[in-house]
Amino acid sequence: MDFNSNKAIYLQICDAICEKVLSGEFKPEDRIPSVREYGASIGVNPNTVMRTYEKLTSEGIIYNKRGIGYFISGNAREIIMENERKEFLEVELPAIIKKMELLGIDPKEIAERNNWII
């Protein structure tokens, strides 16, 4: 896994796991690798992976069956979609709109270039 220095590693691992859920690679009730297994596979300290799993657990995306391991929650996809949608609408889209305004790009131009019907 390649890491970006602009974002905490544990958050990048969260993003990677969420992408696997959205893509269907991880399905509801799938067991995910243990903290040690995952850390070894991506070359990260297990404490960093544990921090990732704690965050995902607190968001309801994964859960722990004591003594068995971590599993993808039944509604993980919906939770991730809602979180990603909120992030896009509240953070990413306003930044895009600001950049468009600075560059004088009209939304109609984008629609025309992409053959969108608005």
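Is S73 buried or exposed in this structure? Let's start there. This is a predicted model, by the way. S73 is buried, because its relative accessible area is 8% and the cut-off for buried is under 20%.

Where does S73 sit? It lies in the loop between β2 and α4. What does S73 touch, leaving out residues up to four places away in sequence? The list is P28, E29, G60, I61, I62 and Y63.

Take E29 from that list. E29 belongs to the loop between α1 and α2. Its phi is positive, near 75°, and E29 is not a glycine. E29 counts as partly exposed, because its relative accessible area is 43%.

K27 is in the loop between α1 and α2 too. K27 is partly exposed, with a relative accessible area of 48%. Now look across to G74. Along the chain, K27 and G74 are 47 residues apart. In space, their C-alpha atoms are separated by 8.3 Å.

On to helix α1. It covers residues 9-23. How far apart are its end C-alpha atoms? They are 21 Å apart. At 1.5 Å a residue, the 15 residues of α1 should span 21 Å, so the two values agree. Right after α1 comes G24, with a positive phi near 90°.

Which residues of α1 are buried? They are Y10, Q12, I13, C14, A16, I17, C18 and V21. Here is a general point about helices. An α-helix has 3.6 residues a turn, so residues three or four places apart point the same way. Keep that in mind when you look at the list. What covers these buried residues? The cover includes α2 (35-42), α3 (46-58), β2 (69-72) and α4.

Let's stay with α4, residues 76-103. The axes of α1 and α4 come within 9 Å. They cross at roughly 115°, and the crossing is left-handed. Which residues meet there? From α1 we have C18, V21 and L22. From α4 we have A76, R77, I80 and M81. By class, this contact has 6 nonpolar residues, 1 charged residue and no polar ones.

Two cysteines in α1 deserve a look: C14 and C18. A reminder first. A disulfide is a covalent bond between the sulfur atoms of two cysteines. How many disulfides does the model have? The count comes to 0. C14 is in no disulfide, and the nearest cysteine sulfur, that of C18, is 6.4 Å away. Why is there no bond from C18? Its sulfur is 6.4 Å from the closest cysteine sulfur, in C14, and that is too far, because a disulfide needs the sulfur atoms within 2.5 Å. C14 is buried, with a relative accessible area of 4%. C18 counts as buried as well, at 9% relative accessibility.

Next, α3. E54 is found in this helix. Is E54 buried or partly exposed? E54 is partly exposed, because its relative accessible area is 48%. Its C-alpha is 9.6 Å from that of N64, and the two are 10 residues apart in sequence.

Last stop: N115. You will find N115 in the segment after α5 (107-113). Its phi is positive, about 55°, although N115 is not a glycine. N115 is exposed, because its relative accessible area is 70% and the cut-off for exposed is over 50%.

To recap: S73 is buried, N115 is exposed, and α1 crosses α4 at roughly 115°.

Technical notes. Residues are numbered from 1 along each chain as its sequence is written. This is a predicted model: local features need pLDDT of at least 70, side-chain atom pairs count only at pLDDT 80 or more; totals for chains, interfaces and linings use all residues. Side-chain values use heavy atoms; hydrogens and water are left out. Axes are lines fitted to C-alpha atoms, for helices over the stretch in contact, and angles run from 0 to 180 degrees between N-to-C directions. Helices (H or I, at least four residues) and strands (E, at least two) are DSSP runs, numbered from the N terminus. A crossing is left-handed if the near helix is turned anticlockwise from the far one by less than a right angle, and right-handed if clockwise. Contact means heavy atoms within 4.5 Å. Ala, Val, Leu, Ile, Met, Phe, Trp, Tyr, Cys and Pro count as nonpolar, Asp, Glu, Lys and Arg as charged, and the others, Gly among them, as polar. The expected span of a helix is 1.5 Å times one less than its number of residues. Buried means under 20% relative accessible area, exposed over 50%, partly exposed in between (1.4 Å probe, protein chains only).
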